[in-house]
Amino acid sequence: MEHSEAYMKILPYLEKMRRLRHTASIIYYDLACVAGKDSIKDESELLNHWLAEAAKISQDKDFIAIVKEGKEDKNANPMEKRLFENLYKEIEFMEKFTLDEYLEYRNTISDCNEQWRICRPKNDFKGWLPYWKKQVESSRKVARKMMKEGQTPYDTCLDSYEPGNNEAFIDSIFNPLKETLIPLLKKAKEKQKSYAIPALKSYDKIKQKDMSLRMLKAIHYDMDKGALMESAHPFSDAFAKNDARVTTKFLLEDWRSNVFTCLHEGGHALEFQNWTDEMFENHVENMATSAICETHSRFFENIIGRSKAFMPILQKDASDALDSELGKIDPETFYHLMNEIQPWLIRCEADELSYCLHIIIRYEIEKDLINGKIECEDVPAIWKQKYHDYLGVEVTNDKDGCMQDTHWSEALWGYFPSYALGNLYGAMIKEKIEQEMDFEGAIKENRIDKIVKWMREKDYCYDYLKPNDWIMKVVGKPLSAEPYIKYLKDKFE
Ligand SMILES: [Zn+2]
């Protein structure tokens, strides 16, 4: 591929950034999985040092000039075009604020987050409220400053995570989804009463780790180009071209958590392991938006991992790794055990039917909050009402209510919808794969590599594009909730 002049000039900066981020990833992984309690402080300082080195590059005057030049370059190839667009977005943000304004905003966020860490375990919403109000006020100011013609303040938040999205579009997707999910969840809960779901036994970490490795192998995660370790909050990261690592956590009393965490994080890492050489050559790896990334993780976790076709593989591995008794459960019951519907307070590890409702609740609240239609002090009551109305769950405290996620304390406004959008994209991709190959057959014969190959050739290779352009390339249609609604109805109705 021919490169533009601007690309050749920016290349040394990009190579340096890539090395710095690689180093930072290794330190972060070590911090989360290996470092002892007393070594965390020193190692965090080391991490911050390398992150600051990376940040220096994006503030370099020459670098900024080249980015602006590249953005205007008519000869840029599609990958370069997207690369410069993305680099410009970061610069554009910094250009709208003075350094003092920016630092003040960052400080408001870190104060708010620090206070959240103190107040949340104590269920102390009132103690957190003044810090949160201050941060929300700053976030509203930032949003108003970033607004372009025709945008609402919250639109700018959505656009920062999923370029091109706005609240009118998300409403048109989430409203029909909500109307379907609320009655479907009630129906599925009723239906579930007729199944006898066996009680879970507890298994030690050694057995569960064996299970983790089997799950990663089943989806053809390449262990030679990665690693698996344990961390309090599971994650995955693309370190480098031949290194995409994952972590899991072990709940001794519920072994399903580790299984679906490994399929989720493994699903993320499969995408990283299958980026094309061309993407690395053009420095557009690692540009997929969070919705695109969540599409792939939730695809392997749910659409494959919780499917009937995958159950014999899962059951045999569970029987061999954990307990031969699990192999004796009849297949239909085992399937229901892996697909148990349990609406509850917490978003993480929510079942497939409740999950999007947790997200829609957050979306509806944060949209009104950033647009100034409601205030922070109104949130606990609205939260309780929505959990009652949508999920049939009674919220008894703020700790496991509106204070449960870190997103709002860290000002990650507009991030939540990405999780649900990933589900919707995934169902569209499933429909497309089914038109082109025997999807269920590939899972049944334990040949998930055939599905990974399809994704490498027709999906992962485009994931540097903006979400709307990417989904058009992959399935030929714009985002719609229909395929996901159909998928859930077929499965749970
Ligand atoms: Zn994820």
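1. A cavity, as the word is used here, is a set of grid points where a 1.4 Å probe fits but cannot get out. The model under discussion is a predicted one, and it holds two such cavities of 30 Å³ or more, of which the second largest has a volume of about 30 Å³.

2. The second largest cavity is lined by Leu-158, Glu-162, Asn-165, Ile-170, Gly-414, Pro-417, Ser-418 and Leu-421, and helix 17 provides the largest share of this lining, with three residues. By class, the lining of the second largest cavity divides into four nonpolar residues, three polar and one charged.

3. The largest cavity has a volume of about 40 Å³, and its lining includes Thr-295, Arg-298, Glu-352, Asn-423 and Tyr-484. Helix 12, helix 17 (416-436) and helix 21 (482-492) each supply at least two lining residues, with the largest share, five residues, coming from helix 12. The lining of the largest cavity comprises four nonpolar, five polar and two charged residues.

4. Helix 12 also takes part in the metal site, where the zinc ion is coordinated by His-264 (NE2), His-268 (NE2) and Glu-294 (OE) at 2.1 to 2.2 Å. The pair His-264 and Glu-294 links distant parts of the chain, with His-264 in helix 10 (residues 256-273) and Glu-294 in helix 12 (residues 290-304), 30 residues apart. In sequence, the spacing of the donor residues reads H-x3-H-x25-E.

5. As for the accessibility of these two donors, His-264 counts as buried because its relative accessibility is 12%, under the 20% cut-off for that class; Glu-294, with a relative accessible area of 7%, is likewise buried.

How values were computed
Residues numbered from 1 in each chain as written. Predicted model: local features only at pLDDT ≥ 70, side-chain atom pairs only at ≥ 80, totals over all residues. Heavy atoms only, no water. Donors = N, O, S within 2.8 Å, 3.2 Å for Na, K, Ca; no water. Helix = DSSP H or I, 4+ residues; strand = E, 2+ residues; numbered from the N terminus. Buried < 20%, exposed > 50% of the residue type's maximum accessible area, 1.4 Å probe, protein only. 1 Å grid on protein atoms, 1.4 Å probe; cavity = no way out; pocket = protein on both sides within 12 Å on 5 of 7 lines; lining within 4 Å. Points joined across faces, edges and corners; volume = space filled by probe spheres on them. Nonpolar A, V, L, I, M, F, W, Y, C, P; charged D, E, K, R; others polar.
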